[in-house]
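Work through the exercises below with the sequence and the coordinates at hand. Each task is followed by a stepwise solution.

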Amino acid sequence: MPEPPPKPRTASGQEYDPSTFRLLVVDNEAAHARAMTESLEKVGYKCTVATSGPEAATLIERDTFDVIITDMVMNDVDGMKLLKLAGERLPDAEVVMVTGHATVPIAVEAMQQGAFNFLEKPITPNRLRAIVEKAVGAVALRRQNNELMSRLDERFGFEGIIYASKKMQEVIDRLRRIAATDATVLITGENGTGKEVVAQAIHQNSPRRNKPIVAINTGAIAENLVESELFGHVKGSFTGADADRVGAFEYANGGTLFLDEVGDMPMGTQIKLLRVLEESKITRVGDNKTINVNVRLVSATNRPLEDMIDAGTFRSDLYFRLKVVTVTLPPLRERREDVIPLMDHFRKMFLRRHNKAAAHFTPAVTKRFFAYDWPGNVRQLRNFVETMVVLDTDEKLDLDDLPPELMDESELTIPEEVADIPAITGGGDSDLIGQPLSVIEKWAIEKTLQLTNDNREEAAKILKIGARTLYRRLDQYKKEGDSPDEK
């Protein structure tokens, strides 16, 4: 058997599947349109044929195509009009013009207006496939770039920061205003609150997003090596310096430098960092030559820098240069509304990572997480969820899967807003005894929606009713003018 033809590739060399791309072939001559279509379908492309300009315009208006191959000269709606329409309706599509010898100058003009390329009649199958392969390759490469940026946005953009609380909404609103500027930012907050995630989000939503972001934890580097990590060094500048080394400022040139635990920086390095911020120049350790750098600095600390200034361990002039704009991340215990959305986010993430089919938190576990004070904040919650997913054997994340810190219920602080939910806590009398069942049901739905931060699917699971049943109840309450989620 003959070997199948190799898959086409993008300009970057990445293979792609032709069947995942949709082509529109437009030509007044039906026979010519069929010939081009058959040639392209033989190598796997999916083609739609239009035998007039108006028909093609209708298809472009209502459908999606990746590449459009159109004749230049047609009645009513010609190739130039279709090119303009495609630019408006399908801006990510590539347009290839088919032209006779006499209209080559017009085809060149079309390329100047955005056409990908042109084919001069008569067209050979090999020439047609080669041009279309390049056009589809350009679309495929753009897809890859868009997917990459989408993943970066999901991971580092503001949309990737999981929250439901008003406090975090205020933080996000502040970050959106900060990101578009080039201001130096100081992020404060306890360990585990997500300072590096916020720094990444600032960079990813800034004009520097296409340049690198370099993260350095100054508290994790030996004191005598901090300057080398930041500014680089030249060969022989100290014992072990066997070659020249580029520092973080040079690596991040044009982008963002994130200095975590900046409060742990040695005093001598603080002086040099201040000079860099003032002059936008660095000097490698052991060198006299200065190097210009263009870096946005974002720093973070969990230590009270004002107290350190009073104690003489942190420079006040550097402090004011670092805190042009400040962002304070609240601890998780002060924004408990975020606990359940974070639980669900990390559950899904670790199910995928550890190839687990499914697992769901029980109401009892949800209550334990909600009541815990989280001294390690989001990082601790993330680690707890991963532990539970890894250890789970019955697709039910229950009390037996809890880490030791959450085993003793007596150590938990039950927040007022959920302290009176017997359906969750499993005990206690209620003032609702003796009330009509409809009143009790309405109360239970209201409190469970409160616990789940109005996550209706999660509330339905806790109440052990179908999601449709819950939605019907809410519609009923709304008609009665007493909707639980409007209280």
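**Exercise 1: the sheet**

Task: determine how β7 and β8 pair, and place them in their sheet.

Step 1. β7 and strand β8 (residues 256-260) run parallel and share five bridges; strands are DSSP E runs of at least two residues, helices H or I runs of at least four, numbered from the N terminus, and pairing requires at least two DSSP bridges.

Step 2. Val-214 has Leu-257 in β8 as its bridge partner.

Step 3. The full order is β7-β8-β11-β6-β12, an open sheet of five strands with parallel pairing. Its edges are β7 (213-217) and β12 (325-328), each paired on one side only.

The model is predicted: local features need pLDDT of at least 70 and side-chain atom pairs 80 or more, while totals for chains, interfaces and linings use all residues. Residues are numbered from 1 along each chain as its sequence is written, and side-chain values use heavy atoms, without hydrogens and water.

**Exercise 2: a salt bridge**

Task: find the partner of Arg-208 and state whether each side chain's residue is buried or exposed.

Step 1. Arg-208 forms a salt bridge with Asp-182 at 2.8 Å, N to O (criterion: a Lys or Arg side-chain nitrogen within 4 Å of an Asp or Glu carboxyl oxygen).

Step 2. The two lie 26 residues apart, Arg-208 in the loop between α7 (195-204) and β7, Asp-182 in the loop between α6 and β6.

Step 3. Arg-208 is buried at 9% relative accessible area, and Asp-182 is partly exposed at 48% (buried is under 20%, exposed over 50%, partly exposed in between; 1.4 Å probe, protein chains only).
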